[in-house]
Amino acid sequence: MDQSDVVYPNQPLVDVVFEIRFPGEVRVECERHLFWEKIRDDYKKVLVPQKSGDTPLALMPYKFRREDDSMTVMVCLNSFALSAARYPGYQEFSKEILRVYDLFGQTFDVDELTRVGWRYINVIPFIREDGIIPLSRFLNLGFKVPKSVPEEFKNLNLLFESEHEGSSVITQLQTIQRHVALGEQEEALLLDFDYGRVSTDDDILRFKNVPEYLKEAHDKTRQLFEDFITDEYRQYLNGDVI
Amino acid sequence: MSVAREYIYEELHDYGWSYKKKSDTHQRYEEQHDVPHVKKYPMKEFFSDGKVIVSKRPVVLTVAFEDEQYYATNDNLNIFAVGDSISSVVEDFSHHIVHFYEYYTNKGEDEIVGNALRLKEIYDSFQKLI
(Lines give C-alpha, C1' and ligand atoms only; values in the text may rest on other atoms or scores of the structure.)
Protein backbone atom coordinates (compact mmCIF):
# COMPACT_ATOMS: atom_id res chain seq x y z
CA MET A 1 0.00 0.00 0.00
CA ASP A 2 1.44 3.38 -0.95
CA GLN A 3 0.49 6.84 0.28
CA SER A 4 -2.24 7.17 -2.33
CA ASP A 5 -4.09 4.18 -0.85
CA VAL A 6 -4.16 5.56 2.68
CA VAL A 7 -7.66 6.24 3.97
CA TYR A 8 -7.54 9.14 6.41
CA PRO A 9 -9.74 8.65 9.49
CA ASN A 10 -10.75 12.33 9.32
CA GLN A 11 -11.03 12.62 5.54
CA PRO A 12 -12.91 15.68 4.23
CA LEU A 13 -14.31 13.93 1.15
CA VAL A 14 -18.04 14.34 0.62
CA ASP A 15 -18.25 12.94 -2.88
CA VAL A 16 -16.02 10.93 -5.19
CA VAL A 17 -17.13 10.17 -8.73
CA PHE A 18 -15.60 8.11 -11.52
CA GLU A 19 -17.19 8.56 -14.92
CA ILE A 20 -16.70 7.40 -18.49
CA ARG A 21 -18.37 9.04 -21.45
CA PHE A 22 -18.89 7.53 -24.86
CA PRO A 23 -20.60 8.48 -28.14
CA GLY A 24 -24.39 8.34 -27.71
CA GLU A 25 -25.51 4.71 -27.48
CA VAL A 26 -29.29 4.44 -27.80
CA ARG A 27 -29.40 0.91 -26.38
CA VAL A 28 -28.22 2.28 -23.03
CA GLU A 29 -31.22 4.59 -23.01
CA CYS A 30 -33.69 1.96 -24.17
CA GLU A 31 -32.45 -1.07 -22.30
CA ARG A 32 -31.05 0.28 -19.08
CA HIS A 33 -33.28 -2.19 -17.24
CA LEU A 34 -31.05 -5.02 -18.49
CA PHE A 35 -28.12 -3.47 -16.66
CA TRP A 36 -30.14 -2.65 -13.57
CA GLU A 37 -31.29 -6.28 -13.32
CA LYS A 38 -27.63 -7.19 -12.77
CA ILE A 39 -27.01 -4.70 -9.96
CA ARG A 40 -30.45 -4.24 -8.40
CA ASP A 41 -29.71 -6.46 -5.40
CA ASP A 42 -27.06 -3.95 -4.34
CA TYR A 43 -28.58 -0.78 -5.82
CA LYS A 44 -32.26 -1.03 -4.99
CA LYS A 45 -33.24 2.63 -5.14
CA VAL A 46 -34.06 4.11 -8.54
CA LEU A 47 -33.94 7.88 -8.99
CA VAL A 48 -35.11 9.29 -12.28
CA PRO A 49 -33.78 12.53 -13.78
CA GLN A 50 -35.74 15.70 -13.33
CA LYS A 51 -35.86 18.30 -16.02
CA SER A 52 -33.77 21.31 -15.14
CA GLY A 53 -32.10 23.90 -17.30
CA ASP A 54 -31.37 23.20 -20.93
CA THR A 55 -29.94 19.69 -20.55
CA PRO A 56 -32.03 17.12 -22.46
CA LEU A 57 -33.44 14.40 -20.21
CA ALA A 58 -31.68 11.66 -22.20
CA LEU A 59 -28.35 13.17 -21.18
CA MET A 60 -29.25 13.23 -17.50
CA PRO A 61 -28.52 9.98 -15.69
CA TYR A 62 -30.83 7.47 -14.12
CA LYS A 63 -29.41 6.80 -10.66
CA PHE A 64 -29.34 3.40 -9.03
CA ARG A 65 -28.52 3.84 -5.37
CA ARG A 66 -27.67 1.61 -2.46
CA GLU A 67 -30.22 1.51 0.32
CA ASP A 68 -27.79 3.17 2.74
CA ASP A 69 -27.10 5.95 0.14
CA SER A 70 -23.37 5.22 0.25
CA MET A 71 -22.91 4.63 -3.50
CA THR A 72 -24.78 5.51 -6.67
CA VAL A 73 -24.45 4.15 -10.19
CA MET A 74 -25.40 6.74 -12.81
CA VAL A 75 -26.27 5.77 -16.37
CA CYS A 76 -27.44 7.74 -19.37
CA LEU A 77 -27.23 7.75 -23.15
CA ASN A 78 -23.57 8.73 -23.22
CA SER A 79 -22.13 8.13 -19.77
CA PHE A 80 -21.64 5.66 -16.98
CA ALA A 81 -20.47 6.66 -13.50
CA LEU A 82 -20.17 5.52 -9.93
CA SER A 83 -20.20 7.97 -7.03
CA ALA A 84 -19.45 7.42 -3.36
CA ALA A 85 -20.99 9.71 -0.76
CA ARG A 86 -19.04 7.86 1.93
CA TYR A 87 -15.71 7.12 0.30
CA PRO A 88 -14.41 3.74 1.46
CA GLY A 89 -10.88 4.30 0.13
CA TYR A 90 -9.48 3.61 -3.30
CA GLN A 91 -9.02 -0.15 -2.90
CA GLU A 92 -12.67 -0.78 -2.14
CA PHE A 93 -14.06 1.94 -4.43
CA SER A 94 -12.04 0.80 -7.45
CA LYS A 95 -13.07 -2.80 -6.80
CA GLU A 96 -16.73 -1.78 -6.94
CA ILE A 97 -16.20 0.41 -10.01
CA LEU A 98 -14.59 -2.47 -11.88
CA ARG A 99 -17.35 -4.86 -10.83
CA VAL A 100 -20.18 -2.65 -12.14
CA TYR A 101 -18.10 -1.60 -15.17
CA ASP A 102 -17.70 -5.27 -16.04
CA LEU A 103 -21.47 -5.81 -15.77
CA PHE A 104 -22.08 -2.70 -17.88
CA GLY A 105 -19.66 -4.03 -20.51
CA GLN A 106 -21.47 -7.39 -20.56
CA THR A 107 -24.75 -5.58 -21.22
CA PHE A 108 -23.81 -2.93 -23.76
CA ASP A 109 -21.31 -2.95 -26.57
CA VAL A 110 -19.26 0.18 -25.90
CA ASP A 111 -15.83 0.44 -27.47
CA GLU A 112 -14.55 4.00 -27.88
CA LEU A 113 -14.79 6.50 -25.06
CA THR A 114 -14.86 10.27 -25.40
CA ARG A 115 -13.81 11.12 -21.87
CA VAL A 116 -12.74 9.68 -18.56
CA GLY A 117 -13.35 11.74 -15.43
CA TRP A 118 -12.68 11.61 -11.71
CA ARG A 119 -14.14 14.05 -9.25
CA TYR A 120 -12.83 14.48 -5.74
CA ILE A 121 -14.92 16.90 -3.69
CA ASN A 122 -13.73 17.94 -0.25
CA VAL A 123 -15.45 20.10 2.34
CA ILE A 124 -13.10 21.47 4.98
CA PRO A 125 -14.87 23.20 7.88
CA PHE A 126 -13.01 26.16 9.36
CA ILE A 127 -13.41 28.79 12.03
CA ARG A 128 -12.32 32.31 11.19
CA GLU A 129 -9.40 33.87 13.02
CA ASP A 130 -9.92 37.61 13.48
CA GLY A 131 -12.43 37.50 10.65
CA ILE A 132 -9.95 35.91 8.24
CA ILE A 133 -9.97 32.41 6.72
CA PRO A 134 -7.00 30.51 8.26
CA LEU A 135 -6.10 29.21 4.81
CA SER A 136 -2.44 28.53 5.51
CA ARG A 137 -3.37 26.06 8.25
CA PHE A 138 -5.07 23.85 5.69
CA LEU A 139 -3.65 24.49 2.25
CA ASN A 140 -0.34 25.15 0.55
CA LEU A 141 -1.55 27.87 -1.69
CA GLY A 142 0.23 31.04 -2.60
CA PHE A 143 -1.17 34.03 -4.39
CA LYS A 144 0.86 36.74 -5.99
CA VAL A 145 -1.26 39.75 -5.30
CA PRO A 146 -0.27 43.43 -5.44
CA LYS A 147 1.37 44.78 -2.29
CA SER A 148 -1.68 46.88 -1.52
CA VAL A 149 -3.82 43.71 -1.23
CA PRO A 150 -3.45 41.86 2.09
CA GLU A 151 -2.75 38.16 1.59
CA GLU A 152 -5.36 37.28 4.15
CA PHE A 153 -8.72 36.68 2.62
CA LYS A 154 -12.22 37.10 3.94
CA ASN A 155 -13.70 35.03 1.13
CA LEU A 156 -12.43 32.98 -1.78
CA ASN A 157 -13.73 31.85 -5.13
CA LEU A 158 -11.00 30.48 -7.34
CA LEU A 159 -11.21 28.15 -10.30
CA PHE A 160 -8.41 27.16 -12.62
CA GLU A 161 -7.71 24.48 -15.16
CA SER A 162 -4.27 22.96 -15.55
CA GLU A 163 -2.73 20.43 -17.94
CA HIS A 164 -1.19 17.27 -16.54
CA GLU A 165 0.47 15.04 -19.16
CA GLY A 166 -2.49 14.35 -21.43
CA SER A 167 -5.16 15.11 -18.91
CA SER A 168 -6.53 18.26 -17.37
CA VAL A 169 -7.71 19.11 -13.90
CA ILE A 170 -10.15 21.85 -13.00
CA THR A 171 -9.50 22.89 -9.41
CA GLN A 172 -12.04 24.92 -7.53
CA LEU A 173 -11.47 26.49 -4.15
CA GLN A 174 -14.34 28.37 -2.65
CA THR A 175 -15.67 29.44 0.72
CA ILE A 176 -19.11 27.99 1.28
CA GLN A 177 -21.56 28.46 4.11
CA ARG A 178 -24.58 26.80 5.56
CA HIS A 179 -27.33 28.42 7.56
CA VAL A 180 -27.53 27.05 11.12
CA ALA A 181 -29.82 29.46 12.92
CA LEU A 182 -30.92 33.08 12.73
CA GLY A 183 -27.81 35.04 11.85
CA GLU A 184 -25.57 32.01 12.37
CA GLN A 185 -23.70 30.17 9.67
CA GLU A 186 -21.17 27.37 9.46
CA GLU A 187 -18.38 27.88 7.00
CA ALA A 188 -16.13 25.57 5.06
CA LEU A 189 -13.67 25.50 2.20
CA LEU A 190 -14.82 23.62 -0.86
CA LEU A 191 -11.83 21.98 -2.53
CA ASP A 192 -13.04 20.32 -5.71
CA PHE A 193 -10.77 18.50 -8.15
CA ASP A 194 -12.28 17.61 -11.50
CA TYR A 195 -9.91 15.41 -13.50
CA GLY A 196 -10.63 14.75 -17.16
CA ARG A 197 -8.90 12.93 -19.99
CA VAL A 198 -10.42 13.18 -23.44
CA SER A 199 -10.02 11.00 -26.48
CA THR A 200 -7.88 12.47 -29.29
CA ASP A 201 -6.95 11.30 -32.79
CA ASP A 202 -3.57 10.20 -31.43
CA ASP A 203 -4.90 8.68 -28.26
CA ILE A 204 -8.30 7.04 -28.57
CA LEU A 205 -9.69 6.00 -25.21
CA ARG A 206 -11.08 2.45 -25.15
CA PHE A 207 -13.64 0.85 -22.87
CA LYS A 208 -11.40 -2.17 -22.34
CA ASN A 209 -8.66 0.06 -20.89
CA VAL A 210 -10.82 1.55 -18.13
CA PRO A 211 -8.90 -0.17 -15.28
CA GLU A 212 -5.75 1.64 -16.42
CA TYR A 213 -7.53 5.01 -16.79
CA LEU A 214 -9.14 4.58 -13.40
CA LYS A 215 -5.83 4.13 -11.62
CA GLU A 216 -4.25 7.04 -13.47
CA ALA A 217 -7.21 9.33 -12.69
CA HIS A 218 -7.13 8.44 -9.02
CA ASP A 219 -3.36 8.67 -8.62
CA LYS A 220 -3.11 12.09 -10.25
CA THR A 221 -6.02 13.55 -8.32
CA ARG A 222 -4.88 12.11 -5.01
CA GLN A 223 -1.38 13.46 -5.60
CA LEU A 224 -2.84 16.91 -6.22
CA PHE A 225 -4.78 16.70 -2.96
CA GLU A 226 -1.64 15.63 -1.08
CA ASP A 227 0.30 18.52 -2.61
CA PHE A 228 -2.41 20.98 -1.67
CA ILE A 229 -2.75 20.17 2.02
CA THR A 230 -0.35 21.32 4.74
CA ASP A 231 1.47 18.93 7.08
CA GLU A 232 -0.53 20.44 9.93
CA TYR A 233 -3.81 19.53 8.28
CA ARG A 234 -2.48 16.09 7.29
CA GLN A 235 -1.72 15.50 10.96
CA TYR A 236 -5.41 16.10 11.71
CA LEU A 237 -6.56 13.92 8.80
CA ASN A 238 -4.32 11.12 10.07
CA GLY A 239 -6.01 11.29 13.46
CA ASP A 240 -2.80 12.37 15.19
CA VAL A 241 -4.78 14.67 17.45
CA ILE A 242 -5.71 15.44 21.02
CA MET B 1 -24.00 36.60 -5.84
CA SER B 2 -25.23 40.17 -5.48
CA VAL B 3 -27.99 41.50 -7.70
CA ALA B 4 -25.51 43.93 -9.27
CA ARG B 5 -23.04 41.17 -10.15
CA GLU B 6 -25.80 38.95 -11.48
CA TYR B 7 -26.98 41.85 -13.63
CA ILE B 8 -23.51 42.38 -15.06
CA TYR B 9 -23.13 38.69 -15.86
CA GLU B 10 -26.50 38.69 -17.61
CA GLU B 11 -25.43 41.73 -19.61
CA LEU B 12 -22.20 40.02 -20.65
CA HIS B 13 -24.14 36.92 -21.60
CA ASP B 14 -26.42 39.06 -23.78
CA TYR B 15 -23.33 40.30 -25.61
CA GLY B 16 -22.31 36.74 -26.39
CA TRP B 17 -19.79 36.18 -23.60
CA SER B 18 -19.88 32.89 -21.81
CA TYR B 19 -17.73 31.15 -19.28
CA LYS B 20 -15.05 28.98 -20.87
CA LYS B 21 -14.99 25.69 -19.02
CA LYS B 22 -14.66 22.14 -20.25
CA SER B 23 -17.35 19.60 -19.55
CA ASP B 24 -17.12 18.41 -16.01
CA THR B 25 -17.55 15.04 -14.37
CA HIS B 26 -21.10 14.47 -13.20
CA GLN B 27 -21.86 15.36 -9.67
CA ARG B 28 -24.91 13.86 -8.15
CA TYR B 29 -27.45 16.15 -9.72
CA GLU B 30 -29.76 18.40 -7.75
CA GLU B 31 -28.55 17.05 -4.47
CA GLN B 32 -27.03 18.63 -1.45
CA HIS B 33 -23.89 16.97 -0.24
CA ASP B 34 -24.34 15.04 2.92
CA VAL B 35 -22.30 17.16 5.33
CA PRO B 36 -22.77 16.21 8.98
CA HIS B 37 -24.21 18.79 11.38
CA VAL B 38 -21.65 18.02 14.06
CA LYS B 39 -18.40 19.57 12.91
CA LYS B 40 -14.84 18.84 13.92
CA TYR B 41 -12.34 21.68 13.83
CA PRO B 42 -8.61 21.15 14.40
CA MET B 43 -6.92 23.98 16.30
CA LYS B 44 -3.40 24.45 17.57
CA GLU B 45 -3.38 27.95 19.04
CA PHE B 46 -5.52 29.20 21.90
CA PHE B 47 -5.79 32.80 23.06
CA SER B 48 -7.25 34.01 26.35
CA ASP B 49 -6.54 36.83 28.80
CA GLY B 50 -3.57 37.98 26.72
CA LYS B 51 -1.97 34.50 26.87
CA VAL B 52 -1.24 32.22 23.91
CA ILE B 53 -1.00 28.45 24.29
CA VAL B 54 0.20 26.31 21.39
CA SER B 55 -0.22 22.58 20.97
CA LYS B 56 2.10 20.44 18.82
CA ARG B 57 -0.75 18.13 17.86
CA PRO B 58 -4.10 19.54 16.67
CA VAL B 59 -6.74 19.73 19.39
CA VAL B 60 -10.08 18.72 17.93
CA LEU B 61 -13.11 20.80 18.83
CA THR B 62 -16.30 18.86 18.24
CA VAL B 63 -18.85 21.60 17.66
CA ALA B 64 -22.60 21.06 17.70
CA PHE B 65 -25.54 23.45 17.58
CA GLU B 66 -28.57 22.68 19.72
CA ASP B 67 -31.33 24.75 21.36
CA GLU B 68 -29.89 28.02 20.02
CA GLN B 69 -26.50 27.31 21.63
CA TYR B 70 -23.16 26.14 20.31
CA TYR B 71 -21.31 23.45 22.21
CA ALA B 72 -17.61 22.68 21.72
CA THR B 73 -16.30 19.57 23.40
CA ASN B 74 -13.14 17.56 23.63
CA ASP B 75 -13.56 14.30 25.51
CA ASN B 76 -9.85 13.68 25.78
CA LEU B 77 -9.35 16.97 27.64
CA ASN B 78 -12.71 16.84 29.44
CA ILE B 79 -13.64 20.26 28.07
CA PHE B 80 -17.22 21.35 27.52
CA ALA B 81 -17.59 24.90 26.24
CA VAL B 82 -20.78 26.84 25.48
CA GLY B 83 -21.45 29.96 23.42
CA ASP B 84 -24.14 31.72 21.46
CA SER B 85 -22.00 31.90 18.31
CA ILE B 86 -19.14 29.94 16.77
CA SER B 87 -16.63 32.61 17.74
CA SER B 88 -17.87 32.80 21.34
CA VAL B 89 -17.79 29.03 21.81
CA VAL B 90 -14.21 28.96 20.50
CA GLU B 91 -13.37 31.79 22.88
CA ASP B 92 -14.84 29.80 25.78
CA PHE B 93 -12.97 26.67 24.69
CA SER B 94 -9.70 28.63 24.51
CA HIS B 95 -10.39 30.06 27.95
CA HIS B 96 -10.71 26.49 29.30
CA ILE B 97 -7.44 25.44 27.64
CA VAL B 98 -5.50 28.39 29.05
CA HIS B 99 -7.02 27.93 32.50
CA PHE B 100 -6.27 24.20 32.66
CA TYR B 101 -2.80 24.73 31.20
CA GLU B 102 -1.99 27.06 34.08
CA TYR B 103 -3.56 24.66 36.57
CA TYR B 104 -1.90 21.42 35.49
CA THR B 105 1.53 22.71 34.56
CA ASN B 106 1.80 24.28 38.02
CA LYS B 107 0.97 21.00 39.75
CA GLY B 108 3.71 18.62 40.79
CA GLU B 109 3.36 14.97 39.74
CA ASP B 110 3.21 13.96 43.38
CA GLU B 111 0.19 16.22 43.95
CA ILE B 112 -2.16 14.49 41.50
CA VAL B 113 -3.20 10.98 40.49
CA GLY B 114 -5.10 9.07 37.80
CA ASN B 115 -6.89 11.13 35.17
CA ALA B 116 -5.36 14.37 36.45
CA LEU B 117 -1.90 12.90 35.83
CA ARG B 118 -2.91 12.00 32.28
CA LEU B 119 -4.17 15.56 31.69
CA LYS B 120 -0.98 17.03 33.15
CA GLU B 121 1.08 15.05 30.64
CA ILE B 122 -0.97 16.50 27.80
CA TYR B 123 -0.79 20.10 29.08
CA ASP B 124 2.93 19.74 29.77
CA SER B 125 3.38 19.07 26.02
CA PHE B 126 1.75 22.43 25.23
CA GLN B 127 3.82 25.55 24.90
CA LYS B 128 3.07 28.98 26.28
CA LEU B 129 4.12 31.73 23.89
CA ILE B 130 3.00 34.76 25.89
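Is Asp130(A) buried or exposed? Select the residue in this predicted model: at 82% relative accessibility, Asp130(A) counts as exposed, because the cut-off for that class is over 50%.

**Stop 1: Asp130(A) and its loop**

Keep Asp130(A) selected and show the backbone around it. The residue sits in the loop of chain A that runs between β7 and α4 (135-138). Check the backbone torsion: phi of Asp130(A) is near 55 degrees, a positive value in a residue other than glycine. For background, most residues other than glycine have a negative phi.

**Stop 2: Asn122(A) in strand β7**

Go back along chain A to strand β7 (residues 115-125), where Asn122(A) is found. Asn122(A) has 0% relative accessibility and therefore counts as buried. To see what surrounds it, leave out residues up to four places away in sequence and display Pro12(A), Leu13(A), Leu189(A), Leu190(A), Leu191(A), Phe193(A) and Phe225(A), which Asn122(A) touches.

**Stop 3: helices α3 and α5 of chain A**

Select residues 90-107 of chain A, helix α3, together with residues 210-228, helix α5. Their axes come within 11 Å and cross at roughly 150 degrees. That angle is over 145, so α3(A) and α5(A) are roughly antiparallel. The crossing of this pair is right-handed.

Show side chains at the contact:

- from α3(A), Tyr90(A), Ser94(A), Ile97(A), Leu98(A) and Tyr101(A);
- from α5(A), Val210(A), Pro211(A), Leu214(A), Lys215(A) and His218(A).

Coloured by class, the contact of α3(A) with α5(A) shows seven nonpolar, two polar and one charged residues.

**Stop 4: helix α2 against α3 in chain A**

Keep α3(A) and add helix α2, residues 32-39 of chain A. These two pack at an angle of about 140 degrees, with axes 10 Å apart. The pair α2(A) and α3(A) is therefore classed as oblique. As for handedness, α2(A) and α3(A) make a right-handed crossing.

On the α2(A) side, pick Leu34(A), Phe35(A), Lys38(A) and Ile39(A). They meet Val100(A), Leu103(A), Phe104(A), Gln106(A) and Thr107(A) of α3(A). The classes in the contact of α2(A) with α3(A) are six nonpolar, two polar and one charged.

**Stop 5: Arg206(A) in strand β11**

What does Arg206(A) contact, leaving aside its neighbours within four places in sequence? Display Asp111(A), Glu112(A), Leu113(A) and Tyr213(A). Arg206(A) itself belongs to strand β11 (residues 205-206) of chain A. Its relative accessibility is 25%, so Arg206(A) counts as partly exposed. A distance label can be added from the C-alpha atom of Arg206(A) to that of Asn78(A): the two are separated by 14 Å, and the residues are 128 apart along the chain.

**Stop 6: chain B as a whole**

Hide chain A and colour chain B by secondary structure. Chain B has three helices and five strands, and along the sequence they follow the pattern α-β-β-β-β-α-α-β. The chain has 130 residues, of which 36% count as buried. Its accessible surface comes to about 8,300 Å², with 52% belonging to carbon and sulfur atoms. On a contact map of chain B, take the contacts with a separation of 6 or more: residues 24 or more positions apart account for 38% of them.

**Stop 7: Asn78(B)**

Zoom to the loop of chain B between β3 (69-74) and β4 (79-83), and select Asn78(B) there. Asn78(B) is not a glycine, yet its phi is positive, at about 55 degrees. With 46% relative accessibility, Asn78(B) counts as partly exposed.

**Stop 8: helices α2 and α3 of chain B**

How are α2(B) and α3(B) oriented to each other? Select residues 86-105 of chain B for helix α2 and residues 115-124 for helix α3. The pair packs at an angle of about 110 degrees, with axes 9 Å apart. The two helices are therefore roughly perpendicular to each other.

Finish with the side chains of this contact:

- from α2(B), Ile97(B), Phe100(B), Tyr101(B), Tyr104(B) and Thr105(B);
- from α3(B), Ala116(B), Leu119(B), Lys120(B), Tyr123(B) and Asp124(B).

In the contact of α2(B) with α3(B), seven residues are nonpolar, one is polar and two are charged.

Technical notes
Residues are numbered from 1 along each chain as its sequence is written. Chains are lettered from A and ligands numbered from 1 in the order in which they are written. This is a predicted model: local features need pLDDT of at least 70, side-chain atom pairs count only at pLDDT 80 or more; totals for chains, interfaces and linings use all residues. Side-chain values use heavy atoms; hydrogens and water are left out. Helices (H or I, at least four residues) and strands (E, at least two) are DSSP runs, numbered from the N terminus. Buried means under 20% relative accessible area, exposed over 50%, partly exposed in between (1.4 Å probe, protein chains only). Contact means heavy atoms within 4.5 Å. Accessible areas come from the Shrake-Rupley method with a 1.4 Å probe; for residues, only the protein chains shown count as cover. Axes are lines fitted to C-alpha atoms, for helices over the stretch in contact, and angles run from 0 to 180 degrees between N-to-C directions. Angles under 35 degrees count as roughly parallel, over 145 as roughly antiparallel, 65 to 115 as roughly perpendicular and the rest as oblique. A crossing is left-handed if the near helix is turned anticlockwise from the far one by less than a right angle, and right-handed if clockwise. Ala, Val, Leu, Ile, Met, Phe, Trp, Tyr, Cys and Pro count as nonpolar, Asp, Glu, Lys and Arg as charged, and the others, Gly among them, as polar.
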